[in-house]
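Visitor: I would like to go through this model and ask what stands behind the words used for it.

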Amino acid sequence: MSDYAIEVSHLTKTYKLYESNKRRIIEGLFPNAKPHYKEFNALNDVSFNIKKGEIVGIIGKNGSGKSTLLKIITGVLNPTGGNVKVEGRISALLELGAGFNPEYTGIENIYLNGTLNKITREEMSKRIDDIADFADIGDFINQPVKNYSSGMFVRLAFAVAVYTDPDILIVDEALAVGDAAFQAKCMARMNQIMKSGATVLFVTHDMNTVKRLCQRCIYLEHGTKIMEGNAAELADIYLKRIRESMNEEHLKLEKENLSGEKLEQSRKEDSVRTEKISEVNTEFMERTKHFREGTGDVEIVDLQLLDEKEHETFSFAFNQNMKMRIRVIVNADVKFGLAYHIRDDKNMELIGSSTLRELGTMIDGKVGEVYQIDISTPLPLIEGNYNISLVASRPVIENRTAMFLCMVENAAVFAVEENMKQKLWDKVYIKNEVDVRKVE
């Protein structure tokens, strides 16, 4: 018996893109006619193996081939080339309700789905109550599904999918599972499946979800696997590429909107360079040189972590106040904000803020100016090691997208000591108000 739940070998999926439907019909009627189509490779020679019990993320931009890959693994699509070997029962949360007969009742569709998944009627009978309770659609379970609302249909379809005791669970981010309460119940059930030792293939654009749930990642671009490895590392690489792509698009639009003369003036390439200014902490710049990106209009050149007495330190007590003293140099006339993010050892972002959030205004920077920015925050964190990322940016579309002027990942690492007075069980603690009254 193989150690792998899924083995994908040299997988290719090619589509024919015709100029028109007329050309498609002509080729169907006359096979020897000159073809008039372009080939599009949705997947191109993709290979990887997933061990039993692994939780693996599939990441990549829209159009990278993620959904096509999942559909081939689940048998919905046939590959053009290569092969897929799957060992175990698959439950795929891709297109919920696929295979449901609208004329059948909810109960009848449960049994039908069981048959499609090679589960006997007797086995499905044992799960009926659990599925009905989870779907929570009441007496509608005995009505034809064609009479269901879209929300009821999705609830039943999800309940059926997660109660087939899958060996392999495949989840597409496009999943819509009703209201917030039902979504929370779905996540809890999916966590139970993961803890049971099932293999999980997870597709999402949410890198925090990848870092939290996945052990390993497969990164696709234009139908090709470009990377495979540690989930947290690949999630950060993916985010970095997304930021670079956003900056390129924003700069392209600016160039189109500005004449060459105005653009040259706005960028001020003859401005003061950061390496020639005494304000630069050369040790900080050297240490972070592999973790920096952005346009360079603003440069973050120093970071100190200070306690209440303004002594530099890298170890703090629980809930102690930490001051981040950040120094930036402005290389072009630009209005910007500065933000920080504190991450745990798995690179999950826990707390953070920005000058814009706290002050309500941007910093109006001019070429050659140097700013010292002090940001103070308590550290209501469980004991452990943490790192800080700093971002200088200017909004392009408010609360949606920004131009990254300077981003420094792993700008500093610090530790939070154990709270000896009272043990913490959650990552972050925020003070609560509690009222206890004895009821007579």
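**Reasons behind the terms**

Guide: This is a predicted model. Its chain has 11 helices and 19 strands.

Visitor: How many of the residues of the chain count as buried, as a percentage?

Guide: Of the 440 residues, 43% count as buried. The chain exposes about 24500 Å², and carbon and sulfur atoms supply 48% of that area.

Visitor: What share of the contacts with a separation of 6 or more comes from residues 24 or more positions apart?

Guide: Such residues account for 73% of those contacts.

Visitor: Why is helix H3 called oblique to helix H4?

Guide: The axes of H3 (residues 106–116) and H4 (residues 121–135) cross at roughly 130° and come within 10 Å. Angles of 65 to 115 degrees count as roughly perpendicular and those over 145 as roughly antiparallel. The crossing angle falls in neither range, so H3 is oblique to H4. The crossing is right-handed.

Visitor: Which residues make the contact between H3 and H4?

Guide: H3 contributes Ile107, Ile110, Tyr111 and Gly114, and H4 contributes Arg121, Met124, Ser125, Ile128 and Ile131.

Visitor: What makes the count of polar residues in this contact 2?

Guide: The contact divides into 6 nonpolar, 2 polar and 1 charged. Gly counts as polar, and so does Ser, because Ser is on neither the nonpolar nor the charged list. Gly114 and Ser125 are therefore the polar pair.

Visitor: Which residues of helix H2 are buried?

Guide: In H2 (residues 66–74) they are Lys66, Thr68, Leu69, Leu70, Ile72 and Ile73. Each has under 20% relative accessible area. Glycine 75 follows H2, and its phi is positive, near 90°.

How values were computed. Residues are numbered from 1 along each chain as its sequence is written. This is a predicted model: local features need pLDDT of at least 70, side-chain atom pairs count only at pLDDT 80 or more; totals for chains, interfaces and linings use all residues. Side-chain values use heavy atoms; hydrogens and water are left out. Helices (H or I, at least four residues) and strands (E, at least two) are DSSP runs, numbered from the N terminus. Buried means under 20% relative accessible area, exposed over 50%, partly exposed in between (1.4 Å probe, protein chains only). Contact means heavy atoms within 4.5 Å. Accessible areas come from the Shrake-Rupley method with a 1.4 Å probe; for residues, only the protein chains shown count as cover. Axes are lines fitted to C-alpha atoms, for helices over the stretch in contact, and angles run from 0 to 180 degrees between N-to-C directions. Angles under 35 degrees count as roughly parallel, over 145 as roughly antiparallel, 65 to 115 as roughly perpendicular and the rest as oblique. A crossing is left-handed if the near helix is turned anticlockwise from the far one by less than a right angle, and right-handed if clockwise.
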